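Student: Could we go through this model together, one question at a time?
Tutor: Gladly! Let's have it in view first.

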Amino acid sequence: MDITDRPRRLRADGVRDLVSETRLAPADFVVPVFVDATTDERVPIESMPGHERVPVDEAVARVEEVLETGVESVMLFGIPESKDAEGSRAWAEDGVVQRATRAIKAETDAYVIADLCLCEYTDHGHCGVLEPDAAEDPDLTVRNDATLERYAETARSQAAAGADMIAPSGMMDGQVAAIRAGLDEGGFEHVPIMAYAAKYASAFYGPFRDAADGAPAFGDRRHYQMDPANRREAMREVRLDAEQGADALMVKPALPYLDVVRDVRESFDRPVAAYNVSGEYAMLHAAAEKGWLDLDAAARESLLSIKRAGADLIVTYFGERVARDL
Ligand code: PBG
């Protein structure tokens, strides 16, 4: 045999870790937490085993559970006590995310990232304020520029409550610039923005829409979220957000879009985030429940692959589970 190059030599126990190119750490993960103003008890989310909607009073306890695993950051989503056409509970000083943030920042060391969108707060479930006839005319949906004012207001109120970072997920044009200006005017120039920069109109958000009660009452989000067919367009979206001052750039979902994660890593010098979304989580759980794959191994491999593709940080419902294992 004349084989001089034998890659198997470096796959033996003992040396494999020495030559490992990618490592996961609990500090890479951000765990989403759902705070629900409509309940006094924790409510399990059926399609996302291990996750719950928690009342504001339980937010600190929930975050402490996350911190115990070594994960240091959480992303907060709110289910408000009431909804209206404007989504006004999103920027209320006593809104659900604002109250939870104050409590978490007062009592824990967690790094709190506030998701910023209006879909959980509007009675129609879209991510902003609507054109007058939107329900009748599918070509009319969210009013872009009018929505930006609400986003800026929401960002300010989240920062005033103590949010460490703001993560706008609504995919309105110009949202990063509007939020940056709003934060700066409010004296929050030190608060970074992690932009959901390349966010696709994905079928993988299904379980989340149950969890956060944010499914659109009519139509879908294709007028503002990206077409899954497009890779070049992602670079355009990311470039716009970077130019508007985004401090970190997110791609969402993660696993079906690893080419985009890699593109962003190679073309930009800012931290890259990837959102391993609810559907990516639910499908592994469903398969594992049937005994078709090993959940821990598959979860770990998923997160490792997202990091290998170029993500610096990963928003993931698997955060606690994988962190406990590391
Ligand atoms: C709000 C928002 C969504 C997700 C995060 N922020 C839902 C959507 O855009 O429909 C999805 C997260 C997930 O599926 O885990 N705009």
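Student: How many helices and strands does the chain have?
Tutor: Keep in mind that this is a predicted model. Counting along the chain, you will find 10 helices and 10 strands.

Student: What is the radius of gyration of the chain, and what does the globule rule give?
Tutor: For 326 residues the globule rule gives 20 Å. The chain comes close to that, so it is as compact as a globular protein of that length. Its radius of gyration is 20 Å.

Student: Which residue does UniProt list for "binding site", and in which helix does it lie?
Tutor: The unreviewed UniProt entry lists Glu-237 under that heading. Residues 232-243 form a helix that includes Glu-237. That helix is α6.

Student: Is Glu-237 buried or exposed?
Tutor: Let's count its neighbours: 22 other C-beta atoms lie within 10 Å of Glu-237. A residue needs 20 or more to pass the cut-off. Therefore Glu-237 is buried.

Student: Which residues is Glu-237 in contact with, leaving aside neighbours within four places in sequence?
Tutor: Setting those sequence neighbours aside leaves contacts from elsewhere in the chain. For Glu-237 they are Ala-197, Ala-198 and Met-226.

Student: How many residues surround the ligand, and how many of the shell are charged?
Tutor: The ligand is surrounded by 13 residues, and Cys-117, Tyr-205, Phe-208, Val-277 and Ser-278 are the closest. Sorting the shell by type gives six nonpolar and four polar residues. The charged ones number three.

Notes: Residues numbered from 1 in each chain as written. Predicted model: local features only at pLDDT ≥ 70, side-chain atom pairs only at ≥ 80, totals over all residues. UniProt positions renumbered as here; feature names shortened; annotations may be inferred. Helix = DSSP H or I, 4+ residues; strand = E, 2+ residues; numbered from the N terminus. Buried ≥ 20, exposed ≤ 12 C-beta atoms within 10 Å, placed from the backbone. Contact = placed C-beta atoms within 7 Å. Near = placed C-beta within 6 Å. Nonpolar A, V, L, I, M, F, W, Y, C, P; charged D, E, K, R; others polar. Rg over C-alpha atoms; globule rule 2.2 N^0.38 Å.
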